[in-house]
Amino acid sequence: MPEPLSTESTAFRSALEVIRAVEPRVADAIGQEVADQREMLKLIASENYASPATLLAMGNWFSDKYAEGTVGRRFYAGCRNVDTVEALAAEHARELFGAEHAYAQPHSGIDANLVAFWAVLAQRVEAPALQNAGVRNVNDLSEADWAELRRAFGNQRMLGMSLDAGGHLTHGFRPNISGKMFDQRSYGTDPATGLIDYEALRVSAREFKPLIIVAGYSAYPRLVNFRIMREIADEVGATLMVDMAHFAGLVAGKVLTGDFDPVSHAQIVTTTTHKSLRGPRGGMVLCDSSLADQVDRGCPMVLGGPLPHVMAAKAVALAEARRPEFREYAQAVVDNARALAEGLMRRGAKLVTGGTDNHLNLIDVSSYGLTGRQAESALLESGIVTNRNAIPADPNGAWYTSGIRIGTPALTTRGLGATEMDEIAGLIDRVLATTEAGTTAKGAPSKAQHILDPKIADEISHRATDLLTGFPLYPEIDLG
Ligand code: PLP
C-alpha cells in the first residue's frame with residue numbers, strides 16, 4: 001500500500017492542478033520555483049521559507065475584498081471577516097513584540113517606512129502653515145496649506161545610517177522618496193572597528209537636530225544599542241524610529257532583548273514580515289499609542305487598499321512566531337551565522353567587523369581580488385545564492401561593490417546547523433579562491449566578468465545539492 005498523501009501535498013497538488021487548467025505555464029513556473037529553491041543553498045539574508053499554512057492563507061477569497069480604513073471603521077461594506085484577520089494580525093504582533101499598537105496593512109517594508117514617516121511628520125511638524133490655518137493636524141489642511149507644508153516638510157531632517165555602513169535606501173537616500181521629503185544626514189561606522197560610533201552619532205545629532213533618527217539596517221552584522229539611540233534622540237528632541245525589517249525574527253524569538261530590543265526603546269518601529277520573521281511578503285508598523293492614530297491613517301495617506309489575504313497570512317505567521325519553537329529557531333539563526341563566520345575566517349576570509357552578532361555576515365571579497373558582482377556570479381554558478389553588497393567606504397560603489405552579504409534565516413529553517421555551516425564556509429571559500437577577475441571583450445580589466453572553471457562550479461554545485469538532501473525543504477510536501 002502506498003503511503004497516503006499528506007494534507008499539505010494534497011493541498012498544493014490540487015492548487016497546481018487548478019492553476020494548470022487555466023495557464024499551465026504559471027503552474028510550471030510555480031513548480032519549478034520550489035524545485036529550484038529545494039536545490040539551492042539560499043544564503044540571501046533577507047529571504048526565508050514561509051510555512052505551508054502561511055502560504056495557503058494567502059491563496060483565497062480575501063484577495064477579492066476591498067477594505068480601506070481600519071478594523072471596524074471601513075469605507076466598504078462587508079468587511080467583517082477582513083476585520084477578524086486584521087485584528088488577529090495586530091493582536092499577535094502586539095503580544096509578540098510587546099507593542100502598544102500594531103498596524104498590519106503595509107504592503108511592504110518600504111510602505112511601512114512611508115507610513116511611519118508621515119505619522120511622525122503629522123505628529124511633530126508645527127509648520128507656519130499649520131499655525132496660520134489654525135489647525136492642529138495635517139489631516140485638516142486645505143490645498144493652500146498643503147503647498148506651504150510641502151515647503152516646511154522639505155526642511156525637516158532625518159539622520160539615518162549611511163548606505164555603505166549597511167543602512168537602507170528608505171532611510172533618507174535620494175533614489176527614495178525619503179531622500180526628497182527630508183534633508184538627510186548619515187551616521188556611519190568607525191573605520192577601525194566597523195562598529196557604529198555612538199559618540200560621533202551623538203555629536204552629529206546635536207549639530208543637525210533631526211526630527212527623526214532612524215536606526216536599523218540591511219547589512220550591518222552587529223548588535224545596535226537602541227537604549228543609547230533613544231537617549232541621543234531624546235537629548236536632541238528627535239523621534240527614534242527603528243526599521244527592524246531584517247532582524248524582526250530575532251526580536252520575536254527573544255534573541256535581541258534589553259538594550260537591543262527596538263520595541264522597548266523606539267517610539268515607532270517598522271518591519272517587513274518576510275525576512276527573519278518568516279511570514280508572507282509584507283510590512284508592519286508598531287508604535288506608541290501617541291502615534292497610533294496617525295499610523296492608522298496609512299491607508300489612504302500612503303497605501304492603497306489593504307491586502308486582506310496577506311494580512312491573514314501575517315496573522316498565521318505571527319501566531320507561529322509566538323510558539324516556543326520560534327525562539328529556538330531565532331537562536332539557531334544567530335548560532336549558524338556565527339559558525340559560518342568562524343568557518344570563513346578560519347579559511348582566511350575577511351569579514352566586515354571581524355564577525356557577526358546577528359543573522360548575517362558581510363564578506364569583503366577584495367581580499368580574493370574580486371568585486372562583489374564577480375563573487376556573486378561565481379557563487380551562483382556554484383549553486384550558492386547570495387547577493388553583493390557595498391562595504392564601508394566601498395571603492396567599487398553600490399553597483400559592483402566589494403562585499404557579499406550572506407545570511408542564515410533560510411537555511412536554518414531547513415534545519416542546517418553549525419557542522420553544515422562550516423562546510424558551506426569551505427565551499428564559499430573554495431569558489432572565491434578559485435575565481436579570477438575577468439576582462440571586457442576588448443581585454444580591459446572588468447568589474448563584472450569573472451573566470452571560474454566550470455568543473456569546479458559543477459562539483460561545488462553538486463556538493464551543495466547533496467548537502468541539502470539531508471535537510472529537505474518542505475518535507476511534508478510531495479508534488480509528485
Ligand atoms: N527596510 C530594510 C532595512 C530593508 O532591508 C528592506 C528590504 O530589503 C526594506 C526596508 C524594504 O522592504 P520591502 O522590500 O518589503 O519594501
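In this predicted model, an oxygen atom of the ligand lies 2.8 Å from an N or O atom in the side chain of Lys275. A second side chain, that of Ser218, places an N or O atom 2.7 Å from an oxygen atom of the ligand, while the side chain of Asp243 has an N or O atom at 2.6 Å from a nitrogen atom of the ligand. Considered alone, the ligand exposes 400 Å², and the protein buries 83% of that area. The residues that surround the ligand are Ser108, Gly109, Ile110, His168, Tyr217, Ser218, Asp243, Ala245, His246, Thr272, His274 and Lys275.

The protein chain is divided into domain 1, which comprises residues 62-143 and 211-321, and domain 2, which comprises residues 324-469. The C-alpha centres of domain 1 and domain 2 are 32 Å apart, and the contacts between the two domains involve 20 residues of domain 1 and 21 residues of domain 2.

The largest nonpolar core contains 61 residues, among which Phe97, Ile213, Met229, Val242, Met244, Phe247 and Leu286 touch the most other members. Helix α4, spanning residues 80-97, gives the most to this core, contributing seven residues. At least three residues of this core are drawn from each of domain 1 and domain 2. A second core, separate from the largest, has 35 residues and includes Ala349, Leu416, Ile428 and Val431. For Phe247 of the largest core, the contacts beyond the neighbours within four places in sequence are with Gly216, Tyr217, Phe226, Val242, Leu256, Pro262, Ser276 and His359. Among these contacts of Phe247 is Tyr217, a residue that also belongs to the surroundings of the ligand.

Attention may next be given to Gln374, which lies in helix α16, a helix formed by residues 372-381. Gln374 counts as buried because its relative accessibility is 1%, with residues under 20% being classed in this way. The side chain of Gln374 reaches the backbone nitrogen of Thr371 at 2.8 Å, and the side chain of Gln374 also reaches the backbone oxygen of Gln449 at 2.8 Å. When the neighbours within four places in sequence are left aside, Gln374 is in contact with Gly369, Ala437, Gly438, Ser446, Lys447, Ala448, Gln449 and His450; Gln449 is thus both one of these contacts and the residue whose backbone oxygen is reached by the Gln374 side chain.

The loop between α11 (248-252) and β9 (268-272) holds Ser264, and Asp259 lies in the loop between α11 and β9 as well. Asp259 is partly exposed, its relative accessible area being 26%. The side chain of Asp259 is joined to that of Arg227 by a polar contact of 3.1 Å, and, with the neighbours within four places in sequence left aside, the residues in contact with Asp259 are Val224, Asn225, Phe226, Arg227 and His265. Phe226, listed here for Asp259, is likewise in contact with Phe247. For Ser264, a polar contact of 3.1 Å links its side chain with the side chain of Asp261.

Two C-alpha separations complete the description of this loop. Asp259 and Glu459, which are 200 residues apart in sequence, have C-alpha atoms 45 Å apart in space, whereas the C-alpha atoms of Ser264 and Ala27, with their positions 237 residues apart along the chain, are separated by 44 Å.

Notes. Residues numbered from 1 in each chain as written. Predicted model: local features only at pLDDT ≥ 70, side-chain atom pairs only at ≥ 80, totals over all residues. Heavy atoms only, no water. Core = buried A, V, L, I, M, F, W, Y, C linked by side-chain atoms within 4.5 Å. Buried < 20%, exposed > 50% of the residue type's maximum accessible area, 1.4 Å probe, protein only. Helix = DSSP H or I, 4+ residues; strand = E, 2+ residues; numbered from the N terminus. Domains from an automatic or database assignment. Contact = heavy atoms within 4.5 Å. Near = heavy atom within 4 Å. Polar contact = N/O pair within 3.5 Å; in protein donor to acceptor, adjacent residues only side chain to side chain. Areas by Shrake-Rupley, 256 points an atom, 1.4 Å probe, with all protein chains shown as cover.
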